[in-house]
Amino acid sequence: MSDDQRARPPRPGGFRPGGPVGPRPGGPGGPGGFRPGAPRPTFSAGGAKQWASRRAISLQVAGMVGPEHEVIAGRRPVEEAFAARREAVRLLVVPQRRDALQQMVLHATALRIPIIEVEGALIGQLSGFDGHQGVALVVKRRPEAAPEDLLARAVARGEAPFILALDGVEDPQNFGSLIRSAEAVGVHGLLIGSKGAAPLSPAAIKASAGAVEHLLVARVENLADELTALRLRGIRVVGAEAEAAQGYREADLRGPLCIVIGAEGRGLSPAVRKRVDLFVRIPMAGKVASLNAAVAGSILLFEALGQRPVAAQPVPASEAMLTASSGAVAPASADVAAPAAPESDDLPHVGG
């Protein structure tokens with residue numbers, strides 16, 4: 001056998017001319033490494049190594065969430081979904097976070113909700129954001145509310161209608177923050193124009209800290225027409241404008257009220273502006289020219305709350321018994337009627 005026919009020793013890294021490429025110890029493709037573009041290793045709850053590619057995660061997503069489902073991600077939003085008794089399909093938990101979520105897992109177990117351990121990347125793809133805290137709840141999609149449902153809730157509570165309308169708010173953080181403020185002040189529901197508005201996504205639900213679970217949300221095709229219908233029912237529409245003559249603290253925000261907030265940057269659309277009964281100004285003392293939609297809306301919402309009558313609180317049984325035994329007479333409380341809404345020049349108002 002000639003020298004050319006003798007087998008040459010393999011080169012370092014396992015490479016041989018004309019032969020397959022072998023792994024290099026400690027390098028990409030070898031022990032402790034991986035090739036660029038290859039799926040990255042993940043570890044299951046038992047510690048066994050698995051390979052999860054983007055395609056594999058997409059297939060898992062398709063199998064866990066159907067068109068009739070929605071995803072609620074984040075610890076507080078999931079807790080609020082449980083409190084609101086949403087119809088849950090399954091609870092997704094990252095194994096590394098299971099100890100911190102033990103109470104939530106036990107609650108789901110008591111309700112016989114299937115608990116599935118998944119990777120954080122899967123929850124991130126389902127929710128569309130990374131701040132999911134290792135937990136997500138798949139629930140049946142919430143039923144759509146109608147504008148009449150918002151007014152019916154006000155009647156059921158014995159209160160003057162208090163509505164928040166959003167005209168093209170696109171940012172999910174602003175959307176979620178407004179939802180949180182609206183629930184905090186006791187708004188009866190949200191009225192949202194479907195054109196150009198942010199969807200009620202997992203990111204918006206997370207920004208609301210789950211407050212949306214306790215609010216009615218009505219999406220309408222034409223927000224301007226719905227505002228006209230509210231005005232015909234005697235509900236005033238109030239918006240914010242930098243050049244308004246009246247400050248928000250001087251404005252009368254009592255009685256039936258709808259506060260409308262415009263899109264970031266553009267403000268209210270021309271059609272919606274024509275339906276506004278009163279524009280108010282938020283004074284600015286600094287160099288910043290404007291506030292974002294969530295901050296401006298929250299200021300008006302809490303000012304309106306401060307002007308609304310406080311609901312009478314029930315007297316605890318222990319105090320009632322003490323008062324009866326001592327013979328003291330509790331002072332009578334009188335409800336102060338809110339002034340009638342001012343008449344508009346272009347549309348008649350019907351009391352409601």
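Me: What makes the link between the side chain of R231 and the side chain of D277 a polar contact?

Reply: In this predicted model, the side chains of R231 and D277 make a polar contact at 2.8 Å; because a polar contact needs a pair of N or O atoms within 3.5 Å, the value of 2.8 Å meets that cut-off.

Me: Why is R231 called buried or exposed?

Reply: R231, which is found in helix α8, has a relative accessible area of 2%, and because buried means under 20%, R231 is called buried.

Me: How do you know which strands are the edges of the open sheet?

Reply: The open sheet has 6 strands in the order β9-β8-β7-β11-β10-β12, with parallel pairing. The edge strands are β9 (217-220) and β12 (278-280), since each of them pairs on one side only. From one strand to the next, the twist averages 25°.

Me: Where does helix α8 lie with respect to the sheet, and what is its direction relative to β7?

Reply: Helix α8 (residues 223-232) packs on the sheet and touches β7 (162-167), β8 (189-193), β9, β10 and β11, while its direction makes about 160° with that of β7.

Me: How do you know that β11 pairs with β10 and with β7?

Reply: Two strands count as paired if there are at least two bridges between them. Strand β10 (residues 236-240) is joined to strand β11 (residues 257-262) by 4 bridges, and β7 is joined to β11 by 6 bridges, so both pairs meet the requirement of at least two. In each case the strands run parallel, β10 with β11 and β7 with β11. As examples of bridge partners, G239 is matched with V260 of β11, and F162 is matched with L257 of β11.

Me: What makes β11 a mostly covered strand?

Reply: In β11, 6 of its 6 residues are buried, which means that each has a relative accessible area under 20%. L257, I259 and I261 are buried on one side, and C258, V260 and G262 are buried on the other, so that both faces are covered.

Me: Which residues touch the most other members of the largest nonpolar core?

Reply: Of its 49 residues, L164, L166, F175, L190 and I259 touch the most other members, and helix α10 (residues 293-307) gives the most to this core, with 6 residues. A second, separate core of 21 residues includes L191, L223, C258 and V260.

Key
Residues numbered from 1 in each chain as written. Predicted model: local features only at pLDDT ≥ 70, side-chain atom pairs only at ≥ 80, totals over all residues. Heavy atoms only, no water. Helix = DSSP H or I, 4+ residues; strand = E, 2+ residues; numbered from the N terminus. Axes fitted to C-alpha atoms, helices over the stretch in contact; angles between N-to-C directions. Contact = heavy atoms within 4.5 Å. Buried < 20%, exposed > 50% of the residue type's maximum accessible area, 1.4 Å probe, protein only. Polar contact = N/O pair within 3.5 Å; in protein donor to acceptor, adjacent residues only side chain to side chain. Core = buried A, V, L, I, M, F, W, Y, C linked by side-chain atoms within 4.5 Å.
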